[in-house]
Amino acid sequence: MAKPLTLEKMLHVQGFGARKLCRILIHQGEVSVNGQICDDPDAVFDLKDLHFTVAGADWQYREKSYLMLNKPANYECSHKPQHHPSVYSLLPHPLVARDVQCIGRLDEDTTGLILLSDDGQFIHRMSSPKWKVPKVYAVTTKHAVDDHQINALLQGVKLLDEEETIAAMACERITERLIHLTLGEGKYHQVKRMLAAVSNRVEALHRIRIGQLALPDDLKLGEWRWLDANMLAQLAPADKPAV
């Protein structure tokens, strides 16, 4: 567990601005710790189970940030978006200031589950193709999906500019034009390119699960929440990377 910190430094490392700004917030009575206003920036606090409020917003001290977001369409997974708003605009400023990063990107028109963190080791484990963390997509297609197309997706298809064939980990037909496609990597426009390779087309794409973590039904588009210990356990990759 992290060592005790002064209130000023604690706010700073939690993303509430430069230390000078944090001191101002504290002196102005904008900060409460465990339910009590504290106007002393040099007060020292044990960080275990520390809850605090800043300008009325409730927070808990977290050494690292682990989040999920239900990404809406027409948002870009970039700090410097070109055509649409950034998904980071959906987060509170302190999380952006902590430099949380999307773990893998979803196309601007793709919706659904995306993870964010400022833990570099966690980001690497979740995004590296060596670990093959399964990601499940609900894919709505333009044409009906037949058995031949499903078998081709499972056996592997050849994509332009790729040396080897790429196969889905699983493919389940839900309705005539809806499949659940499971991938262990995330190449550029991969789902769309794989469906095109079997003479079909993606009309809508929605990521519904990463590892064993499913997108909660009550997490609306554009909303985010912290990952708790149980959720993180559902994301735990294999003990060894795939060969």
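**Exercise 1. The cores**

Which residues have the most contacts inside the largest nonpolar core, and how many residues does that core have?

Solution. This is a predicted model. Start with the count: the largest nonpolar core has 52 residues. Inside it, L11 and L181 have the most contacts. Next, take L11 and list its partners, leaving out residues up to four places away in sequence. L11 touches F16, C22, I26, V31, F52 and V54. Finally, look for a further core. A second, separate core of 17 residues is present, and Y66, I103, L115 and L219 are among its members.

**Exercise 2. A four-stranded sheet**

Work out the strand order of the open sheet of four strands, then find its edges.

Solution. Strands of a sheet pair through backbone hydrogen bonds, either parallel or antiparallel. Here the order is 3-2-5-6, and the pairing is antiparallel. Strand 3 (36-37) and strand 6 (57-60) each pair on one side only, so they are the edge strands. Now zoom in on one pair. Strand 5, residues 51-54, is joined to strand 6 by four bridges. Within this antiparallel pair, V54 stands opposite A57 of strand 6.

**Exercise 3. The largest pocket**

Describe the largest pocket by volume, lining and chemistry.

Solution. Rolling a probe the size of a water molecule over the atoms shows where empty space is left. First, the volume: about 660 Å³ for the largest pocket. Second, the lining: 33 residues, with R105, L106, D107, K187 and H189 nearest the centre. Third, the elements. At least two lining residues come from each of helix 4 (120-127), strand 10 (135-141), helix 6 (190-197) and strand 13 (202-210). Helix 6 gives the most, with three residues. Fourth, the chemistry: the lining holds 12 nonpolar, 11 polar and 10 charged residues.

**Exercise 4. The enclosed space**

How many cavities of 30 Å³ or more does the structure hold? Give the volume and lining of the largest.

Solution. The structure holds one such cavity. The largest cavity has a volume of about 40 Å³. Its lining is made of Q14, F16, F52, W59, Q60, L95, R98 and W226. Sort these residues by type: five are nonpolar, two polar and one charged. Compare with Exercise 1: F16 and F52 are in this lining, and both are also touched by L11.

**Exercise 5. Unusual backbone angles**

Place K132 and H189 in the fold and check their phi angles and exposure.

Solution. Most residues other than glycine have a negative phi, and most peptide bonds are trans. Take K132 first. Its phi is near 45 degrees, a positive value. K132 sits in the loop between helix 4 and strand 10. At 37% relative accessibility, K132 counts as partly exposed, because the class runs between 20% and 50%.

Now take H189. Its phi is positive too, about 50 degrees, although H189 is not a glycine. H189 lies in the loop between strand 12 (178-183) and helix 6. Its relative accessible area is 26%, so H189 is partly exposed. Recall that H189 is also among the residues nearest the centre of the largest pocket.

**Exercise 6. A loop tryptophan**

Is W131 buried or exposed? Which loop holds W131?

Solution. The relative accessible area of W131 is 14%. The cut-off for buried is under 20%, so W131 is buried. W131 lies in the loop between helix 4 and strand 10. Last step: compare sequence with space. W131 and G184 are 53 residues apart in sequence, and their C-alpha atoms are 8.0 Å apart.

Conventions
Residues are numbered from 1 along each chain as its sequence is written. This is a predicted model: local features need pLDDT of at least 70, side-chain atom pairs count only at pLDDT 80 or more; totals for chains, interfaces and linings use all residues. Side-chain values use heavy atoms; hydrogens and water are left out. On a 1 Å grid over the protein atoms alone, a cavity is a set of points where a 1.4 Å probe fits but cannot get out, and a pocket is an open set with protein on both sides within 12 Å along at least five of seven lines; lining residues have an atom within 4 Å of a point. Grid points are joined across faces, edges and corners, and a volume is the space filled by probe spheres set on the points. Ala, Val, Leu, Ile, Met, Phe, Trp, Tyr, Cys and Pro count as nonpolar, Asp, Glu, Lys and Arg as charged, and the others, Gly among them, as polar. Buried means under 20% relative accessible area, exposed over 50%, partly exposed in between (1.4 Å probe, protein chains only). Two strands pair if DSSP finds at least two bridges between them. A nonpolar core is a set of buried Ala, Val, Leu, Ile, Met, Phe, Trp, Tyr and Cys residues joined through side-chain atoms within 4.5 Å. Contact means heavy atoms within 4.5 Å.
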